[in-house]
Amino acid sequence: MQEASEIIPSQKFEGHTDWVTGTIHLPDGQRMMTCSSDGSLRIWSLKSGKQIGDDWRDEDSEVRTIALSPDGMKVVSGGSVDGAARLWDINTGKVIAKWMGHTKAVWSVCWSRDCQRVVSGSYDGSAREWDVENGETIIPSQKFEGHTDWVTGTIHLPDGQRMMTCSTDGSLRVWNLKSGKQIGDDWRDGDSGVWTIALSPDGKKVVSGSEDGGMRLIWDTKTGELVANLKGHTSLVWCLAWTPDGKTLISGSYDSSIRTWDTSDWKQIAVLHGHTNGVYDIAISLNGRILASASTDKTARLWNIDNSQPISSPLKHTHIVNRVSFSANGKLLATGCNDHNAYIWDVSAVLREAGLDDLLLDQHHKSLLAVRDNLIISSLYIQAYAF
């Protein structure tokens, strides 16, 4: 009989010949996409574990990052040494546009909410904006230059008029999308390189993660006012994520820890210990109650955000885990690994084994169930008393 500690993936996706650097669940809930340093994107059946169709390739360009459009119809990829960003059609698997402008590989890509524009950040120290509707257009509609080192993060701000970048030169910068000019001065707090940024769900706050382990909170995306310096990590902060309700901020670091923060007062809630090496990626289920983490210690982990406790034993891999991503319903977790494979883990089965099925419910439904249970108990008590 299988012991509780031995969790095995429900599917293994084999075929890539190099690191799997990205995983995306497609909107139909039946397929997932992976990208790899082997230069391919691939579509897989979640049910069978088999690849659907041929590899998606455009020359032998390495793929380091992918982002699905908000409408689920297109995907943009980057990472090739020629500096190109490529736009793909989900239905055909064909390149719609090859966007040239960067002189080094693209590190990050970000869609606008209306699916009309894509921003890319590159090792060449610049960002570029691309007009999705122009089809074959191969030149950027706007370029943003000024950083003196890698651009590691790009964000479209909610007003549709501005974008933000972060860089290992230690700065965050806000740009006018129309003119391509920087708005105001650099946002800085020390000289430590910035490796990641995350926008709050309401679009009013930005948090950055730095090489020195610091997290700087920018309260107002218009003024750049620094309102909190969150201390705790002792090494590079790789990844950041907000819960959908904006009440909790979560950070993962090369110091092997994960930390949760209360956004009402910016106090640390908990330190999640378990990984034995750097935390490279984190993902939060859409209901905001389950956290997944990927680590260079060759494991992924599941955490209960409600009580900051691990849900199960580690999800073991044979190499570094690069990526984690949840399906829309939170029942499946995809992981991408340096062993050249991707995996699907049955989160619902793990929760059932741990007696935590209710973590798949959102807080509203959880409250309704609590009310229902209390009513049932009260009814039974009244019946027993009357008897």
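The chain in this predicted model exposes about 17,500 Å² of accessible area, and carbon and sulfur atoms supply 51% of that surface. Beneath the surface, buried residues make up 54% of the 387 residues in the chain. As for charge, the chain carries 38 positive and 48 negative side chains, and the centres of the two sets lie 1 Å apart.

In terms of secondary structure, the chain has two helices and 32 strands. Its radius of gyration is 22 Å, close to the 21 Å that the globule rule gives for 387 residues, so the chain is as compact as a globular protein of that length. Taken along the principal axes, the box that the C-alpha atoms fill is roughly 80 × 50 × 40 Å. When contacts between residues at least 6 apart in sequence are considered, 42% of them join residues at least 24 apart.

Helix 1, which spans residues 347-354, is a convenient place to look at packing in detail. Its buried residues are Val347, Ser348, Val350 and Leu351. Seen down the axis of helix 1, these buried residues fall within an arc of 160°, so they line one face of the helix. An α-helix has 3.6 residues a turn, so residues three or four places apart point the same way. On the other side of helix 1, Arg352 and Glu353 are exposed. The buried residues pack against strand 26 (290-295) and strand 27 (299-304), and also against strand 30 (321-326), strand 31 (332-337) and strand 32 (342-346). Just after helix 1 comes Gly355, which takes a positive phi of about 70°.

Two of the strands that pack against the buried residues of helix 1, strand 31 and strand 32, are joined by a loop in which His340 is found. The phi of His340 is near 85°, a positive value in a residue other than glycine, and at 28% relative accessibility His340 counts as partly exposed. The loop between strand 26 and strand 27, in turn, holds Thr296. Leaving aside neighbours within four places in sequence, Thr296 is in contact with Asn277, Gly278 and Ile320. Thr296 and Lys104 are 192 residues apart in sequence, and their C-alpha atoms are 26 Å apart in space.

A positive phi is also found at Cys115, where the value is about 65° although the residue is not a glycine. Cys115 lies in the loop between strand 10 (106-111) and strand 11 (117-122), and with a relative accessible area of 11% it is buried. Another loop residue, Asn134, has its place between strand 12 (126-131) and strand 13 (142-145). Asn134 is partly exposed, with a relative accessible area of 42%, and its C-alpha atom is separated by 10.0 Å from that of Arg117, 17 residues apart from it along the chain.

Turning from loops to strands, Thr65 is found in strand 6 (residues 65-68) and is buried, with a relative accessible area of 14%, which lies under the 20% that sets the limit for a buried residue. Beyond its neighbours within four places in sequence, Thr65 is in contact with Cys35, with Val76, Ser77 and Gly78, and with Val106, Trp107 and Val109. Thr65 and Ala328 are 263 residues apart in sequence, with 20 Å between their C-alpha atoms.

Val194 belongs to strand 17 (residues 194-199) and counts as buried at 2% relative accessibility. Not counting residues up to four places away in sequence, Val194 touches Thr152, then Cys166, Ser167, Thr168, Gly170, Ser171 and Leu172 on one side of it in sequence, and Ser208, Gly209 and Ser210 further along the chain. One of these contacts, Leu172, is 22 residues apart from Val194 in sequence and 7.8 Å apart from it in space, C-alpha to C-alpha.

Definitions and conventions:
Residues are numbered from 1 along each chain as its sequence is written. Side-chain values use heavy atoms; hydrogens and water are left out. Helices (H or I, at least four residues) and strands (E, at least two) are DSSP runs, numbered from the N terminus. The radius of gyration is taken over C-alpha atoms; the globule rule is 2.2 Å times the number of residues to the power 0.38. Buried means under 20% relative accessible area, exposed over 50%, partly exposed in between (1.4 Å probe, protein chains only). Contact means heavy atoms within 4.5 Å. Accessible areas come from the Shrake-Rupley method with a 1.4 Å probe; for residues, only the protein chains shown count as cover. Lys and Arg count as positive and Asp and Glu as negative; His and the chain ends are not counted. The place of a charge is taken as NZ of Lys, CZ of Arg, CG of Asp or CD of Glu. The arc is that of the directions from the helix axis to the C-beta atoms.
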